[in-house]
Amino acid sequence: MASSSSKFLRRLSTSLNSIQNHSRFLSSSSNSRIVLEHLSFALHPSSSLSYNDNHSRIGSRDFCSQTSNLNQVLSQGPAAIDYSSLLQEDEFHKLADATIHDLLEKIEEYGDSVDIDGFDIDYGNQVLTVKFGDLGTYVLNKQSPNRQIWMSSPVSGPSRFDWDQNGEGWIYRRTKAKLLETLENEIHQLCGEPIRLS
């Protein structure tokens, strides 16, 4: 059973990677059909797909009775967003760099004002690492292709923040949480002393 689950996860991962790598084909309805069929094939290994050089299906396919699984996968989570169309790369770097450098300065001052064993802060290779000793470690870095700041938190786990033009701040679309407010609340919770980042 475990082997079967591993094979299923490998198939799904391969298909999702294929979708991501070939997203430029999604503008064409025929290519969209091919990508969706590849995803369906991952969900239903009994399928048999084959394509010629023109991306036309030439093989056969055994349909599974659980076709609703594909619809569930496609309907879950937020819709794909072309982040590059929302924020130009130079503007992204300007905003992200300003945010990270501001965090570096303010958290460093905070670390000097409170007594935390093992506190350390480092910025290198566009990665900000903040260690609160045994309390945990934060890692923030820029993801240029997605125009996002990614954060790994010892409190809330991983999250990806997009620039919100209206709110003029970084926001996690899934929960609507703001980056600076999230850090303020979590660091206060971890260390017992409030910190002002916004």
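Which residue stands opposite Ser-152 in S5? That residue is Pro-158, and we'll get to the strands around this pair in a moment.

First, a word on what you're looking at. This is a predicted model, where local features need pLDDT of at least 70 and side-chain atom pairs count only at pLDDT 80 or more, while totals for chains, interfaces and linings use all residues. Residues are numbered from 1 along each chain as its sequence is written, and side-chain values use heavy atoms, with hydrogens and water left out.

**The sheet**

Helices (H or I, at least four residues) and strands (E, at least two) are DSSP runs, numbered from the N terminus. Two strands count as paired if DSSP finds at least two bridges between them. Seven strands make up an open sheet here, in the order S1-S2-S3-S4-S5-S6-S7, and the pairing is antiparallel. At the edges sit S1 (119-124) and S7 (177-178), each pairing on one side only.

Here are some of the pairings:

| Strands | Bridges | Opposite residues |
|---|---|---|
| S1 and S2 (residues 127-132) | six bridges | Asp-120 and Lys-131 |
| S3 (residues 137-143) and S4 | five bridges | Gln-143 and Gln-148 |
| S4 (residues 148-153) and S5 (residues 157-164) | six bridges | Trp-150 and Arg-160 |
| S5 and S6 (residues 169-172) | four bridges | Trp-163 and Trp-170 |

**The hairpins**

Now follow the chain from strand to strand. S3 and S4 form a hairpin with four residues between the strands, and Arg-147 there takes a positive phi near 55°. Next, S4 and S5 form a hairpin with three residues between them. S5 and S6 make a hairpin too, with four residues between them, and Glu-168 in that turn has a positive phi of about 50°.

**A look at Arg-160**

Arg-160 is found in S5. Is this residue buried or exposed? Neither, quite: Arg-160 is partly exposed, with a relative accessible area of 42%. (Buried means under 20% relative accessible area, exposed means over 50%, and partly exposed is in between, using a 1.4 Å probe and protein chains only.) Contact means heavy atoms within 4.5 Å. Leaving aside neighbours within four places in sequence, Arg-160 is in contact with Gln-148, Ile-149, Trp-150, Ile-171, Tyr-172 and Arg-173. Take Ile-171 from that list: Arg-160 and Ile-171 are eleven residues apart in sequence, and their C-alpha atoms are 8.0 Å apart in space.

**The core**

What about the nonpolar side chains? In soluble globular proteins, nonpolar side chains tend to be buried together. A nonpolar core is a set of buried Ala, Val, Leu, Ile, Met, Phe, Trp, Tyr and Cys residues joined through side-chain atoms within 4.5 Å. The largest one in this model has 28 residues, and those with the most contacts inside it are Ile-107, Phe-132, Leu-140, Leu-179 and Leu-183. At least two residues of this core come from each of H5, S1, S2, S3, S4, S5, S6 and helix H6 (179-191). The largest share, seven residues, is supplied by H5.

So who does Ile-107 touch? Setting aside neighbours within four places in sequence, Ile-107 is in contact with Phe-119, Ile-121, Val-130, Phe-132, Ile-187, Ile-195 and Leu-197.
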